[in-house]
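Here is a briefing on a predicted model. Topics are cavities, the interface, salt bridges and backbone angles.

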Amino acid sequence: MLTVDDVHFGFSRRPDFLGPVSLDVQRGDCWAIVGPNGAGKSTLLRLMAGLLAPHRGEVRFQGKSLRRVASRERARSISFVPQQTGGEADFLVRDVVLMGRFPHRSMGLFESADDHRIANDVMEQTQTLELADRPLTTLSSGEAQRVHVAAALAQQPRVLLLDEPTASLDIQHQLAVFRILKEQATVGGLAVVVVTHDLNLAARFCTRVLLLNDGKVAAIGSAEEVFTPDTLQSVYGVPLVRLTVPGQSGIGWLVPVESGPERSE
Amino acid sequence: MNSPAPAPTSIKRYGLRLAVAAAGLAVLLIISPGVGVDSASYGWWDVWRARLGWEISQDELVGRPLADLNGDGVISAEERDGFVAVARTMFNLRFPRALLALQVGMTLALCGAVLQVLFRNPLATPYTLGIASGGALGALIALRLGWVVAVAGVSAIAASAFGGAILVVGLVFLIARGSGRLTSNELLLAGVTLGLFCSAMMMFVTAVSNERETFFIVRWMMGSLDAVRTIEGAMLLPMMLPAWIVLILFSRSLNQYRMGDELAAARGVNVSLLQGVCVGVCTLATAAVVAHCGPIGFVGLVVPHMVALVVGSDCRILLPASAIAGGAFLIICDWVSQLCMRVAGWVSGQQLGSATLPIGVVTAVVGVPIFLVLLRARRR
């Protein structure tokens, strides 16, 4: 559905920073983009959201290059939840979620009954309905993150892109956010792409993993294939082991192990 | 719970209050011709009836001191005609003034609200960004050089003010562009610095003027609504209307913008276009205000803050509410300025004539306490 085809991108100081990257995001997929800081994860996500234009190659949605899609039309298919969202304005939660309806309405200043119905639905799906009449600024970061996801879902997208949605959340809220994402992918049929630093959450909830290192694809495939101790050590420079917990399915838990105090990279 | 109760939308929450506020503003405008006159003789309704040419009977005027010129308790036909003539003059003196105060207040408050949103900075106003100073310098140069022509309803002074304002805005952007972000402190610093430069240049122009010009320039720089006729009030409209229309139409996009550049862009808002158009129309409108009324400060800073404390952040409500509050605020400030000079006249025993207190003084004196009280109320 969303195809990244041999994409290259760079900044003025590093013109060949990212690329080549290719991946194909299908309906029902949950992709995790992982990698060290500065590997180009967020840049790739912005390219996929159409916020940046690739220098070479292209990003296509349903076969159509994002360059040739008007931004509002694109926004009706692709939702993007940035890492930082402006929190200084004291909007009510319900209004924040309703703002997700923006790309669907070109005229009129106020939302329709339909918009309200959709907002209620997505707030129910994200367990934020009981927060609806509270100002966004009074929420905890976990609650606020669920609200931003709800707003992204109110866009009724086919593709949902999130940049480190669980960065500052406690374990409980991390799990809650990933459960919502997984449900949207499997039940809602969305294509979900999430940039994250948490390898274990990625392994547990995502069907596909892209490991980036220094702007290049280090590994791509299922969590089982990508998260091998050798690959991860070569990318992160830290030895990791995979621990399996009896009675739990999945690939186990990735844990960094101490390799001596001298090692620093 | 399959069918949740209909949600209280912003428009339902605030629509009624907005309507009430707009009605209040209309009332202010309607009673404005009668404010500050001897109400035992002239009510606002008499002034309106005289203006509209409606019949005022002689019997009605019995017992009105100012109507009964010779004090014999009987109103003659001549006395009635005199009453009507004076009432008409009052209308022509006061109503255009109120109308101008309304437009100027609405525009300054609206622009202040928009710039605060746009720069994500509570200190951003047409003044802190140097727009007003640039406009004032442009207008002052035109005044000093005696450019008084008007083309298509836009005077040379207004055009020159717009030129000055756009020049300063352009420079501010050019200086601050190095930081790459519109919301940076560099932008405000550049604005304040260039504003100070413009002030210095205005002092220079004042210094090379003769006494009569200097007096006029100083009065103008204090900000005033004096010496306006209806036609001049109307001439401001071509420069202000774009701001009113564009900013209300863009209020949904501005809401998105408040949630962050990236989110807004991802939702299909053209962020740089939004910024450019908003700054452009605000510059145009501010230049119009400055050219005709001088730099009237404070409205653009305080009114949007006060309104935001009451109605919240939703631009669809915040912007019209700011405009309404700004218009009402300036009309009331103008009344206060007329009243102050009247009181000063009584106290000093001198006839201060038709002079009024500079409106800029009143906006500050009225606005600061209100703002401080609201600030305290919010902190609790």
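The second largest cavity is lined by B:Ser32, B:Val35, B:Arg94, B:Arg97, B:Ala98, B:Ile331, B:Asp334, B:Trp335 and B:Gln338. Its volume is about 60 Å³. The model around it is predicted, not experimental.

**Second largest cavity**

- Helix 3 (77-118) and helix 13 of chain B each contribute at least two residues to the lining of the second largest cavity.
- Helix 13 of chain B provides the largest share of that lining, with four residues.
- By class, the lining of the second largest cavity holds four nonpolar, two polar and three charged residues.

**Largest cavity**

- The structure has four cavities of 30 Å³ or more.
- The largest cavity encloses about 100 Å³.
- Its lining counts 13 residues. Nearest the centre of the largest cavity are A:Leu98, A:Met99, A:Glu111, B:Arg252 and B:Arg316.
- Helix 3 (93-99) of chain A and helix 9 of chain B each give at least two residues to the lining of the largest cavity.
- Seven charged residues line the largest cavity, along with four nonpolar and two polar ones.

**Interface between chain B and chain A**

- On the chain B side, 29 residues are in contact with 41 residues of chain A.
- The buried area between chain B and chain A is about 2900 Å². Carbon and sulfur atoms give 56% of that area.
- Three residues, B:Arg252, B:Met259 and B:Arg267, supply 27% of the area that chain B buries against chain A. No other three residues supply more.
- B:Arg252 therefore appears in two lists: it is one of the residues nearest the centre of the largest cavity, and it is among the three that lead the area buried by chain B.- Six residue pairs, both at pLDDT 80 or more, are in polar contact between chain B and chain A.
- Helix 1 (10-31), helix 9 (251-258), helix 10 (261-266) and helix 13 (315-348) of chain B each supply at least two residues of the side that touches chain A.
- Helix 9 of chain B gives the most to that side, with six residues.
- The side of chain B that touches chain A has 12 nonpolar, 10 polar and seven charged residues.

**Salt bridges**

- Over all chains, the structure holds 14 salt bridges.
- Two salt bridges join chain B and chain A.
- A:Arg46 and B:Glu262 meet through their side chains in a salt bridge, at 2.2 Å from N to O.
- Within chain A, A:Asp133 forms a salt bridge with A:Arg94, with the closest N and O atoms 3.7 Å apart.
- A:Asp133 sits in the loop between helix 4 (113-125) and helix 5 (141-154) of chain A, and A:Arg94 sits in helix 3 of chain A, so the pair ties together parts that are 39 residues apart in sequence.

**Positive phi angles**

- A:Gln62 is not a glycine, yet its phi is positive, near 50 degrees. A:Gln62 lies in the loop between strand 4 (56-61) and strand 5 (64-65) of chain A.
- A:Glu164, also a residue other than glycine, has a positive phi of about 45 degrees. A:Glu164 is found in the loop between strand 7 (159-163) and helix 6 (171-186) of chain A.

Definitions and conventions. Residues numbered from 1 in each chain as written. Chains lettered and ligands numbered in written order. Predicted model: local features only at pLDDT ≥ 70, side-chain atom pairs only at ≥ 80, totals over all residues. Heavy atoms only, no water. Contact = heavy atoms within 4.5 Å. Buried area = accessible area lost by both parts, 1.4 Å probe. Salt bridge = Lys/Arg side-chain N within 4 Å of Asp/Glu carboxyl O. Polar contact = N/O pair within 3.5 Å; in protein donor to acceptor, adjacent residues only side chain to side chain. Nonpolar A, V, L, I, M, F, W, Y, C, P; charged D, E, K, R; others polar. 1 Å grid on protein atoms, 1.4 Å probe; cavity = no way out; pocket = protein on both sides within 12 Å on 5 of 7 lines; lining within 4 Å. Points joined across faces, edges and corners; volume = space filled by probe spheres on them.
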